[in-house]
Amino acid sequence: MIFKRIGEGRPYPDHGRSFKEWAEVAPRQIRLDQLITTKRHLDLDALLSQDSTFYGDLFAHVVHWQGGYYLEDGLHRAVRAALQQRTVLHARVLDLSE
């Protein structure tokens with residue numbers, strides 16, 4: 001299994017982070033098998049696009065809440081990493097567990 005679990009929706013409270021505020025979170029590596037997705041479906045265009053990160057963040061967005069790591073944005077990056085047989089993903093991890 002690539003991910004810890006396939007989820008549907010965001011079980012954590014709304015954090016209200018803007019794109020600029022996400023950019024202030026330093027990226028770090030996180031194992032793919034620790035991630036719980038918040039989307040069940042992947043847009044194949046986003047996965048196959050050569051410039052999928054051109055208009056967005058270079059790093060996935062992950063929310064740590066109640067012991068889980070929820071992949072909020074960047075599912076296509078995570079799947080692409082798995083297809084390239086990588087076990088980690090560079091992501092910005094926001095800790096809401098405090």
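Colleague: Which residues of helix 3 are buried?
Modeller: This is a predicted model, in which local features need pLDDT of at least 70, side-chain atom pairs count only at pLDDT 80 or more, and totals for chains, interfaces and linings use all residues. Residues are numbered from 1 along each chain as its sequence is written, and side-chain values use heavy atoms, with hydrogens and water left out. Helices (DSSP runs of H or I, at least four residues) and strands (DSSP runs of E, at least two) are numbered from the N terminus, while buried means under 20% relative accessible area, exposed over 50% and partly exposed in between, with a 1.4 Å probe and protein chains only. On these terms, the buried residues of helix 3 are Leu75, His76, Arg77, Ala78, Val79 and Ala81.

Colleague: How many helices and strands does the chain have?
Modeller: Along the sequence the elements follow the pattern β-α-β-β-α-β-β-α-β. The secondary structure thus listed comes to 3 helices and 6 strands.

Colleague: In what order do the strands of the sheet stand?
Modeller: Two strands are taken as paired if DSSP finds at least two bridges between them. The 6 strands form an open sheet with mixed pairing, and their order is 1-3-5-4-6-2.

Colleague: Why is one side of strand 1 and of strand 2 left without a neighbour in the sheet?
Modeller: Strand 1 (5-6) and strand 2 (27-31) stand at the edges of the sheet. One side of each is left without a neighbour because each has a single partner strand.

Colleague: Which residue of strand 3 stands opposite Ile6?
Modeller: Strand 1 and strand 3 (residues 35-37) run parallel and are joined by 2 bridges. Within strand 3, the residue opposite Ile6 is Thr37.

Colleague: What angle does the direction of helix 3 make with that of strand 5?
Modeller: Helix 3 (residues 75-83) packs on the sheet, touching strand 3, strand 4 (60-65), strand 5 (68-73) and strand 6 (88-95); contact means heavy atoms within 4.5 Å. Axes are lines fitted to C-alpha atoms, for helices over the stretch in contact, and angles between N-to-C directions run from 0 to 180 degrees. For helix 3 and strand 5 the angle is about 110°.

Colleague: Which element gives the most residues to the largest nonpolar core?
Modeller: A nonpolar core is a set of buried Ala, Val, Leu, Ile, Met, Phe, Trp, Tyr and Cys residues joined through side-chain atoms within 4.5 Å. The largest has 15 residues, and those with the most contacts inside it are Phe3, Leu32, Leu35, Val62, Leu71 and Leu89. Strand 4, strand 5, helix 3 and strand 6 each supply at least two of its residues. With 4 residues, the element that gives the most is helix 3.

Colleague: On which sides of strand 4 do its buried residues lie?
Modeller: In a regular strand the side chains alternate between the two faces of the sheet. In strand 4, 6 of the 6 residues are buried, so this strand is largely enclosed by the rest of the structure. Both faces are covered, with Ala60, Val62 and His64 on one side and His61, Val63 and Trp65 on the other.

Colleague: Which residue of strand 5 is the bridge partner of Val62?
Modeller: Strand 4 is joined to strand 6 by 5 bridges in a parallel arrangement, where His61 has Arg92 as its partner. Strand 4 and strand 5 run antiparallel and are also joined by 5 bridges. In strand 5, the partner of Val62 is Leu71.

Colleague: With which side chain does the side chain of His64 make a polar contact?
Modeller: His64 lies in strand 4 and counts as buried because its relative accessible area is 15%. A polar contact is a pair of N or O atoms within 3.5 Å; within protein, one must be able to donate a hydrogen and the other to accept it, and residues adjacent in sequence count only if both atoms are side-chain atoms. At 3.2 Å, the partner of the His64 side chain is that of Asp95.

Colleague: How far apart in space are Pro13 and Trp65?
Modeller: Pro13 is in the loop between strand 1 and helix 1 (19-23), and counts as partly exposed because its relative accessibility is 46%. Leaving aside neighbours within four places in sequence, Pro13 is in contact with Trp65 and Leu96. Pro13 and Trp65 are 52 residues apart in sequence, and their C-alpha to C-alpha distance is 9.0 Å.
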